Every structure is written in C-alpha cells, then in structure tokens.
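Trainee: I've just opened this one up and I'm not sure where to begin. Can we go through it together?

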Amino acid sequence: MQALFDEFPIIRDAFWLTIRLTLASGLVALVLGTILAGMRVSPLPILRGIGTAYVNVLRNTPLTLVIVFCGLGLGLVLDVSFSESLSTNYLWLSIIGLSAYTAAFVCEAIRAGINTVPVGQAEAARAIGLTFGQNLRLIVLPQAFRAVIAPLGSILIALTKNTTIAAAIGVGEASLTMKTLFEAHGDAVIQIFAGFALGFLILTLPTGLLFGWLAKRLAVVR
C-alpha cells in the first residue's frame, strides 16, 4: 500500500485525465450519435446510406485500430495538430477516435429509442405541417432520449473503460500510468492493480446507479 500512497499525485492526475477523456468524448459522441440517428431514419436514401455505412464500419472496427489511426494517420501522416504540445495533441486525437467509435453505439441506442415512439405521433406532426427536422427535434427525440437513458449509461461506462486504449498512442491515462508503476514498483504489483481497479469502480459504479435512477425517474409512460 505504501507505493499507492507515495505515487498518489501521479495516480490522481492519471484518473483526472481519464475523466476528461470520458467527458469530452462522451459529449462529442452524444452529439454525433444523435445526428447519425437522425440520418438513419431520414426519408432521404443517401443520408440513410451514409449513416448505415458509418455505423457498420465503426462498430466492426477494433477500437485500438481507430485510436492508432487517429494518432499515426491523422497526427503523423496528415499532420493534424491541435497544440504545439505533443501530449495535448495526442489527447485531442484520442478524443476524436473515442468519439467517432462511441458515436456509432450512441446512434444505435437512440435509433432504438426512436422506434419506441408511436408512429401515430410522427404522422400527426406531419399532418400539422411540421418538417422532418422539426418532427424529430420537437416530438420524437425528446421521447427517444427518455426511453434509452439506461443504454446510454451503459455506453458511457463502456467509454470510461475504453479510455484505456488511448495508452496505445502514449496518452498518460490510468492504464498507462498503472503499467509505469508496475515497472517502478515490481514488488507491489497486486496492490497497484487493486488500487487502479478500485479507481475504475469508483468511476463506473456511481454512473450506473445514476443512469438507472434517471431511467426509472424519467421513464415514458405509454
């Protein structure tokens, strides 16, 4: 346990970076996933095709490949840069990769929520002159989000754990820090592992409980 106390500032900073990765990627993925869900239920075949292709490709591509592509492909080959600091630049590239990957799952969750909205409500909205966009924004999506709060919570928990893949391009989040501490404190591997496991439990368990409570509190009564 002494190793955990000695290295606590480093561990704290690593988990803070994990939280930042999760929140930033989750917000971007929610916006992008909502747009994709709208495309997938759009009356325009080209939008449905683009949305479907995106979801199918990203969901069936390993996240490690997505992150490595963002780090090496965008960062080194295409020279995409957000900051002069290499660590900050890779942080933002990781957010792009995590957001793009997670958005595919958010899209499917929201699309499932859209399918729970009675067809008659959408038809009534069209009857009073609402456009597809207005119908989606004012009638369908508010009910769809309330129906999929629990699945969105599960996706956020998965995203929290998926941030560990950012270590593949050198982002110093929790898992990379844990590996570094393993090398520095070889006699305390079990204690360090238990400490980091507890840290992830502290991050994910309250999230699950909160979204479970919200799902019951905001459930749509049919």
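Trainee: What pattern does the protein follow when read along the sequence?

Mentor: Keep in mind that this is a predicted model. The protein has 10 helices and zero strands. Read along the sequence, that gives α-α-α-α-α-α-α-α-α-α.

Trainee: And what does the C-alpha trace span along its principal axes?

Mentor: Some background on the surface helps here: the protein exposes about 12,100 Å², with carbon and sulfur atoms supplying 70% of that. Of its 222 residues, 41% count as buried. As for the C-alpha trace, its span along the principal axes is about 70 × 45 × 25 Å.

Trainee: Which helix gives the largest share of the largest nonpolar core?

Mentor: That core has 38 residues, and L21, I114 and V171 have the most contacts inside it. Helices α2, α3, α4, α5, α7 and α8 each supply at least two of its residues. The largest share is 13 residues, and the helix they come from is α5.

Trainee: How many residues does the second, separate core have?

Mentor: Look for A174, L181, A188 and I192, which are among its members. This core is separate from the one we just discussed, and its residue count is nine.

Trainee: Back to I114. What is it in contact with, leaving aside neighbours within four places in sequence?

Mentor: I114 is one of the residues with the most contacts inside the largest core. Once its neighbours within four places are set aside, the residues in contact with I114 are A37, V41, L136, V140, L141 and A144.

Trainee: Is the Y101 and F105 pair stacked, edge-to-face or tilted?

Mentor: There are three aromatic pairs by the ring-centre rule. For Y101 and F105, the centres are 5.2 Å apart and the planes make an angle of 55 degrees. Stacked needs under 30 degrees and edge-to-face needs over 60, so an angle between those limits is called tilted.

Trainee: Why are Y101 and F105 about one helical turn apart, and which of the two is buried?

Mentor: They're separated by about one turn because they sit four residues apart in helix α5, residues 86–116. F105 has a relative accessible area of 28%, so it is partly exposed. At 14%, under the 20% limit for buried, the buried one is Y101.

Trainee: Which residues form an aromatic cluster?

Mentor: Look at one phenylalanine numbered 15 and two others numbered 196 and 200. Together they make one aromatic cluster: F15, F196 and F200.

Trainee: How far does helix α8 reach from its first C-alpha to its last?

Mentor: Helix α8 covers residues 149–162, which is 14 residues. At 1.5 Å a residue, the expected value is 20 Å, and the model comes close to it. The reach of α8 is 20 Å.

Trainee: T160 is in that helix. Is T160 buried or exposed, and what does it touch?

Mentor: T160 is on the list of buried residues of α8, along with I149 and L152 among others. Its relative accessible area is 6%, so T160 is buried. Not counting residues up to four places away in sequence, T160 touches T18, T22, F200, L203 and T204.

Trainee: Last one: how far apart in space are G120 and P206?

Mentor: G120 has its place in helix α6, residues 119–127, and at 42% relative accessibility it counts as partly exposed. Along the sequence, G120 and P206 are 86 residues apart. In space, C-alpha to C-alpha, the distance is 37 Å.

Definitions and conventions
Residues numbered from 1 in each chain as written. Predicted model: local features only at pLDDT ≥ 70, side-chain atom pairs only at ≥ 80, totals over all residues. Heavy atoms only, no water. Expected span 1.5 Å × (residues − 1). Buried < 20%, exposed > 50% of the residue type's maximum accessible area, 1.4 Å probe, protein only. Phe/Tyr/Trp six-rings, centres within 6.5 Å; stacked < 30°, edge-to-face > 60°. Core = buried A, V, L, I, M, F, W, Y, C linked by side-chain atoms within 4.5 Å. Contact = heavy atoms within 4.5 Å. Areas by Shrake-Rupley, 256 points an atom, 1.4 Å probe, with all protein chains shown as cover.
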